[in-house]
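Biologist: I am new to this one, so could you walk me through it?
Modeller: Gladly, let us look together.

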Amino acid sequence: LPSSGQRGAAPPTLETMNDSEMDLEPDHPPMEGGDGDTVDARPDRRLRLPILHKKKKNGQEPESPSDSQFRKVEQVYRYKMNYPKLGKCIIINNKNFHQRTGMGTRIGTDKDACDLQLCFKDLGFEVCIKNDQTCENMEKQLQKVANEDHSDYSCFACILLSHGEEGLIYGIDRSEE
């Protein structure tokens, strides 16, 4: 960003960009990373922000807007979801903490974990819950799933239910950055 004393050209907005700048191709080949990993989600820049409708004047309702006054707002990124399986979901649910951590029991976390399990199963995920994990076990679980073959899955979800702060999470034995 320009500093307070400098003036630069305003960055392009969706309203000022032409079609060639917006990459209107509907299907993109996956991008290859240096490690062989691929990215199959890309922004869809064809979609624009809605035009704000007029406010009430003199207490009267504005005229009914026509469809041409509003633009459809959708998510910017779309993932290919046509894989044989939707995905895996791991839920790490830490409820009971060692006394030396100073952390109390997380009342209600079992219900949260159960509700999340049902939600993700209803969406079509394979769900695995791991209860009361040490920092070492959490890392091992995540490393194990990271080393698995995910080529038949559309996506992956990992949910950590635990104590924590900005930049760190608690296992039942200690915190980890």
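Biologist: What makes strand 9 and strand 10 count as a pair?
Modeller: This is a predicted model, and in it two bridges join strand 9 (residues 168-170) to strand 10. A pair needs at least two bridges, so these strands qualify. They run antiparallel, and I169 stands opposite E176 in strand 10.

Biologist: Why is the sheet of strands 8-9-10 called open?
Modeller: The three strands follow the order 8-9-10, with antiparallel pairing. Strand 8 (164-165) and strand 10 (175-176) stand at the edges with a single partner strand each, so one side of each has no neighbour in the sheet.

Biologist: How do you know that the span of helix 1 agrees with its number of residues?
Modeller: Helix 1 has 15 residues (109-123), and at 1.5 Å a residue it should span 21 Å. Its end C-alpha atoms are 21 Å apart, so the two values agree.

Biologist: What makes you say that the buried residues of helix 1 line one face?
Modeller: The buried residues are T109, A113 and F120. Down the helix axis they fall within an arc of 40 degrees, so they line one face of the helix. In general, an α-helix has 3.6 residues a turn, so residues three or four places apart point the same way.

Biologist: Which strands do the buried residues of helix 1 pack against, and which exposed residues does the face turned away carry?
Modeller: The buried residues pack against strand 5 (85-93), strand 6 (125-131) and strand 7 (153-161). The face turned away carries K111 and D122.

Biologist: What follows helix 1?
Modeller: G124 does, with a positive phi near 110 degrees.

Note on methods:
Residues numbered from 1 in each chain as written. Predicted model: local features only at pLDDT ≥ 70, side-chain atom pairs only at ≥ 80, totals over all residues. Heavy atoms only, no water. Helix = DSSP H or I, 4+ residues; strand = E, 2+ residues; numbered from the N terminus. Expected span 1.5 Å × (residues − 1). Buried < 20%, exposed > 50% of the residue type's maximum accessible area, 1.4 Å probe, protein only. Arc of directions from axis to C-beta. Contact = heavy atoms within 4.5 Å.
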